[in-house]
Amino acid sequence: MEYSHEVEEMLCVTKGAKHEPAPIPEEGKWVNAKQITDISGLTHGIGWCAPQQGACKLTLNVKDGIIEEALVETLGCSGMTHSAAMAAEILPGKTILEALNTDLVCDAINTAMRELFLQIVYGRSQTAFSENGLPVGAGLEDLGKGLRSQVGTMFSTKAKGVRYLEMAEGYITEMGLDENGEAIGYKFVNLGKMMDAIKKGVPAAEAYEKNVGKYGRFDEAVTVIDPRKK
């Protein structure tokens, strides 16, 4: 260690009280975190790219400082989906400090990593007060049936009104309107469950019909429209 001349000439004053770091909640315990291996927790959060044209929702399950599980969901541009594939390979096995200082390919994913790092090291994880935290694999619970991201996609204009395109339940195939032309419900197909059925050998048309559902007062609709065509 190199010291300046001014420091070398100073009189030594003994440090008195021992100031421990403030304890943070981690998986049902209070921890005086002093190094990366002291950090555990599952949490999720979002990040965005510099031009704010895309976003990432990142879920991490950290055990003893190591990322054991990562769920990377992106929205905004086609390139981000490929970035998510690379980031999902990069993250597991790294310490959260390594991950913070690793290029995760996409600006939005890097920003999400920064925000999650802050949550976890300050004891603001989703599992702060859950004894032993959550098992590896719990991140998949963020997804809907068929392991698809829960996405809401809507389009509207002043001239023609709203169009529902996708909800957590699935891909919207029809919208129901009442006598005033107001949306009162919709019909959807759960693509995840439909594809699971097709993979098991169910004919596509049958798989489609078996995974169609309705929401709201769709059966009372006076007018039914295809939101992608009308």
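**Strand E9**

I began with strand E9, residues 183-189, in this predicted model. The strand is mostly covered, with 5 of its 7 residues buried.

I then looked up its partners. E9 pairs with strand E8, residues 170-177, in the antiparallel sense, and I count 6 bridges between them. Alanine 183 in E9 is the bridge partner of leucine 177. The hairpin of E8 and E9 leaves 5 residues between the strands. Within that hairpin I noted glycine 181, which takes a positive phi near 80°.

E9 is also joined to strand E10, residues 212-216, by 5 bridges, and this pair runs antiparallel. Here I found tyrosine 186 opposite tyrosine 215 of E10.

**Cysteines**

I searched the whole structure for disulfides and found 0. Cysteine 49 is in none: its nearest cysteine sulfur belongs to cysteine 106 and lies 6.4 Å away. I checked whether cysteine 49 is buried or exposed. Its relative accessibility is 11%, so I entered cysteine 49 as buried.

Next I asked why cysteine 106 has no bond to its closest cysteine sulfur. That sulfur is in cysteine 77, and the distance of 6.3 Å is too far for a bond. The cut-off I applied for a disulfide is 2.5 Å between the sulfur atoms. Cysteine 106 has a relative accessible area of 8% and therefore counts as buried.

**Nonpolar cores**

I turned to the largest nonpolar core, which has 24 residues. The residues with the most contacts inside this core are Leu58, Leu60, Leu91, Ile96, Ile109 and Met113. I listed the elements that give two or more residues to it: strands E4 (55-63) and E5 (66-75), and helices H2 (78-90), H3 (96-100) and H4 (107-121). Which of them gives the largest share? I found that it is H4, with 7 residues.

I took leucine 60 for a closer look and set aside its neighbours within four places in sequence. The remaining contacts of leucine 60 are Gly41, Leu42, Thr43, Ile67, Glu69, Ala70, Leu91, Met113 and Leu116. Another core, of 8 residues, lies apart from the largest one. I noted Tyr164, Met167, Leu177 and Phe188 among its members. This brought me back to the first entry, since leucine 177 is the residue whose bridge partner in E9 is alanine 183.

Definitions and conventions:
Residues numbered from 1 in each chain as written. Predicted model: local features only at pLDDT ≥ 70, side-chain atom pairs only at ≥ 80, totals over all residues. Heavy atoms only, no water. Buried < 20%, exposed > 50% of the residue type's maximum accessible area, 1.4 Å probe, protein only. Helix = DSSP H or I, 4+ residues; strand = E, 2+ residues; numbered from the N terminus. Pairing = 2+ DSSP bridges. Core = buried A, V, L, I, M, F, W, Y, C linked by side-chain atoms within 4.5 Å. Contact = heavy atoms within 4.5 Å.
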